[in-house]
Amino acid sequence: EGSPLLLLGLTKCGFCEANLTTYFTSNGKNPLKHYYYKCTTVIKKGSHECPSRLVPAKDLEEFTQGLMLHTVKEKGFFDAITSQIRDNSDDELGQMAEERQRLSGNLAAVQRKADNLLGNLADGIIEKAAKRRMGKMLEDMENQKAAIQRATAELDTRMEEVSENKFRKQALNQVLKEFETLYGDAPVENKTRMLKTVISEIKVSAKSGEKEGTFEFRLRGDGKLVRRWNQVINQRGAGLTPRVGWLRE
């Protein structure tokens, strides 16, 4: 909490799968802090448990931001996301239809019990104490019916919303067009959220003491990009051409 780093919760160690967390160095005479991402396994257990190296935060974040802003303009990303939204909506509608069927069955079962009780009360041969008990049972059943009907109405509203939003490609396209402007004006915590809407994971596989290593970027819509260490670190402003391979059509 309070860290200035943007990619916390997104970055993972490629060796031990632990999250990377905030780390910084500073000179006693100079209050300026140099921030890094560091494997939590190394912090908690030492470098003998994981060989991963420090990752300069500024380099990784600038590359990742460039990747994100490039990606949201790609047609492949738009197509992959709308396909994923459609699939997710279909799954959600199927689950809600099953839930509605279950509620309908419960309502019918409660109604049958209520009808049976009313039939017994109509016979007129039941003692007063029993009638009072049955009256209380009928009241409870009416409350159950009302609760089921409310749940069904809420479910119907949600199903209608999902159906209406299912193919709102134009709205999504407009958001993606404005993404860079919105991102530039956002505070750190919102920038992190926006990054997470495009990028699902960054896995770093680079050993301490070695110059080689890789970054694997996983994007929403199942896109993937792998870059060598020297293509990300110390390459700010070098001109980004991600050429992401989309795994979904």
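What follows is a chat between a trainee and a mentor about this predicted model.

Local features here need pLDDT of at least 70 and side-chain atom pairs count only at pLDDT 80 or more, while totals for chains, interfaces and linings use all residues. Residues are numbered from 1 along each chain as its sequence is written, and side-chain values use heavy atoms, with hydrogens and water left out.

Trainee: In what order do the three strands of the open sheet run?
Mentor: Strands are DSSP runs of E, at least two residues, numbered from the N terminus, and two of them pair if DSSP finds at least two bridges between them. The pairing in this sheet is antiparallel, and the order is E2-E3-E4.

Trainee: Why is one side of E2 and of E4 left without a neighbour in the sheet?
Mentor: Strand E2 covers 20-27 and strand E4 covers 55-56. One side of each is free because both stand at the edges, each with a single partner strand.

Trainee: Which residue in E4 is the bridge partner of Tyr37?
Mentor: Start with E3, residues 30-39, which pairs with E4 in the antiparallel sense over two bridges. For Tyr37, the partner in E4 is Val55.

Trainee: Which element gives the most to the lining of the largest cavity?
Mentor: On a 1 Å grid over the protein atoms alone, a cavity is a set of points where a 1.4 Å probe fits but cannot get out, and lining residues have an atom within 4 Å of a point. The largest cavity has a volume of about 30 Å³, taken as the space filled by probe spheres set on the points, which are joined across faces, edges and corners. Its lining includes Tyr37, Lys38, Cys39 and Val55. With three residues, the top contributor is E3.

Trainee: Which residues touch the most other members of the largest nonpolar core?
Mentor: A nonpolar core is a set of buried Ala, Val, Leu, Ile, Met, Phe, Trp, Tyr and Cys residues joined through side-chain atoms within 4.5 Å, where buried means under 20% relative accessible area with a 1.4 Å probe, protein chains only. This one has 41 residues, and the two in question are Phe215 and Phe217.

Trainee: Which helix supplies the largest share of this core?
Mentor: Helices are DSSP runs of H or I, at least four residues. Phe217 is in contact (heavy atoms within 4.5 Å) with residues including Leu60, Phe63, Thr64 and Leu67, leaving aside neighbours within four places in sequence. The largest share of the core is six residues, and they come from residues 57-71, helix H2.

Conventions: Buried < 20%, exposed > 50% of the residue type's maximum accessible area, 1.4 Å probe, protein only. 1 Å grid on protein atoms, 1.4 Å probe; cavity = no way out; pocket = protein on both sides within 12 Å on 5 of 7 lines; lining within 4 Å.
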